[in-house]
Number of protein chains: 2
Amino acid sequence: MKPSKKHCLTQQEIEEQLRGAGVQPTLQRILICQFVLCEADHPTAEEVHLWAEKNLAKISLATVYNTLNTLVDAGLLKELKFPHSDKVIYDDNMEEHYHFLDRKSGKLFDIAKGDVKISAQLAKQFQIQGFDLLINGNYQRDLKKGGSL
Amino acid sequence: MKPSKKHCLTQQEIEEQLRGAGVQPTLQRILICQFVLCEADHPTAEEVHLWAEKNLAKISLATVYNTLNTLVDAGLLKELKFPHSDKVIYDDNMEEHYHFLDRKSGKLFDIAKGDVKISAQLAKQFQIQGFDLLINGNYQRDLKKGGSL
DNA sequence: TAGGAGATTAGAATAGTTCTAAACTTAGAT
DNA sequence: ATCTAAGTTTAGAACTATTCTAATCTCCTA
């Protein structure tokens, strides 16, 4: 069972990433990066705020939004919106990719672009520049024998 | 140049459709159906409201929302949400289909399911039930010689 | 150790939609 | 024609997610 944390970064590394992206590495920003770049999985602003409140005595919701927007502008985070929710979802996977939505849990999974083939035969008026694809269905963990539940 | 109206219905036919779907055909509902089922193309609630105000002396925004939700529940209309806008968009095309978004104009086009082939090679944990696909790009009208602009 | 740019903050504002509770309309039984 | 009950419409309040505003705070540079 591998850990679900994608990539753990030290505070140093986060500071460097921020500075490299032209963003002043303040306490609040470093903390939020720790969460959104290392721990979280498709969090909403609300989830980031909740987490930040636990890990930083005092932080305002406005700062959470400001920071998330700053990170998006700096190219460290992607902003996503899906039909099943009105909340913006943040994704630190900066590769172009698609998503799978588990209908039961509402949980999102990244799907590599290479795992899906899309071919569209459209009238030539339609000049395709990109696809937004949300696959929805059922995520069934522990399918293999000896699943650990 | 064929008219863009998809299917024109008489007031009678609309009343029948409503009754058939178990919805009382009130004046407001018939009027709104006239617009969303016959005239409009992917309207928002706001657009429906604007149109309704012009064609019916007095109608409240609440009624517009109530009616649209009633039509969705009755299976006469689909509710769509896309990442480029926070507004719900209504679609009277009840076939399963995809959409094309013209980046410049923000205009949406229905894309028949058969015009697009999607094949996903995912781990078997992912049991696919459906795809939400938004193709985005450039809609270039008048590509053929003799375009009428 | 003062100046100033930039960051943070609380709370107001905004947008889109839903809720509430009262008034109105309608359908059906008489 | 009349009554009643159920269903519809309405204005405005409420709600949710997010952005804005303007004051305060921080901290780099000189």
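This passage describes the contact between chain A and chain B and the protein surface near DNA strand C in a predicted model.

Local features were taken at pLDDT of at least 70 and side-chain atom pairs at pLDDT 80 or more, whereas totals for chains, interfaces and linings use all residues; side-chain values rest on heavy atoms, with hydrogens and water left out. Residues are numbered from 1 along each chain as its sequence is written, and chains are lettered from A and ligands numbered from 1 in the order in which they are written.

Two copies of a chain are related by a rotation about an axis and a shift along it. Here, a turn of 179° with a shift of 0.0 Å along the axis lays chain A on chain B with an RMSD of 0.1 Å (least-squares superposition on the C-alpha atoms of residues with pLDDT of at least 70 in both copies). This is the relation of a two-fold axis. The same surface serves both copies, as 100% of the contact residues of chain A recur in chain B (contact: heavy atoms within 4.5 Å). Each chain is represented in the contact, with 36 residues from chain A and 36 residues from chain B.

Between them, chain A and chain B bury about 3300 Å², of which 55% is on carbon and sulfur atoms (accessible area, 1.4 Å probe, lost on putting the two parts together and summed over both). Two salt bridges are counted between chain A and chain B (a side-chain nitrogen of Lys or Arg within 4 Å of a carboxyl oxygen of Asp or Glu). One of them joins A:Asp86 to B:Lys81, with 2.6 Å between the closest N and O atoms. Polar contacts link 20 residue pairs across the two chains, both residues being at pLDDT 80 or more (N or O atoms within 3.5 Å; within protein, one able to donate a hydrogen and the other to accept it, and residues adjacent in sequence counting only if both atoms are side-chain atoms). On chain A, the elements giving two or more residues to the side that touches chain B are β4 (108–112), β5 (116–120) and β6 (126–139) (strands are DSSP E runs of at least two residues, and helices H or I runs of at least four, numbered from the N terminus). β6(A) gives the most, with 14 residues.

DNA strand C is surrounded by 18 residues, the closest being A:Thr26, A:Thr63, B:Tyr65, B:Lys87 and B:Val88 (a heavy atom within 4 Å). Sugar and phosphate make up 85% of the strand's atoms that come within 4 Å of the protein. Polar side-chain atoms of A:Thr26 and A:Gln28 lie 2.6 Å and 2.9 Å, respectively, from a phosphate oxygen of DNA strand C. α4(B) gives the most to this surface, with four residues.
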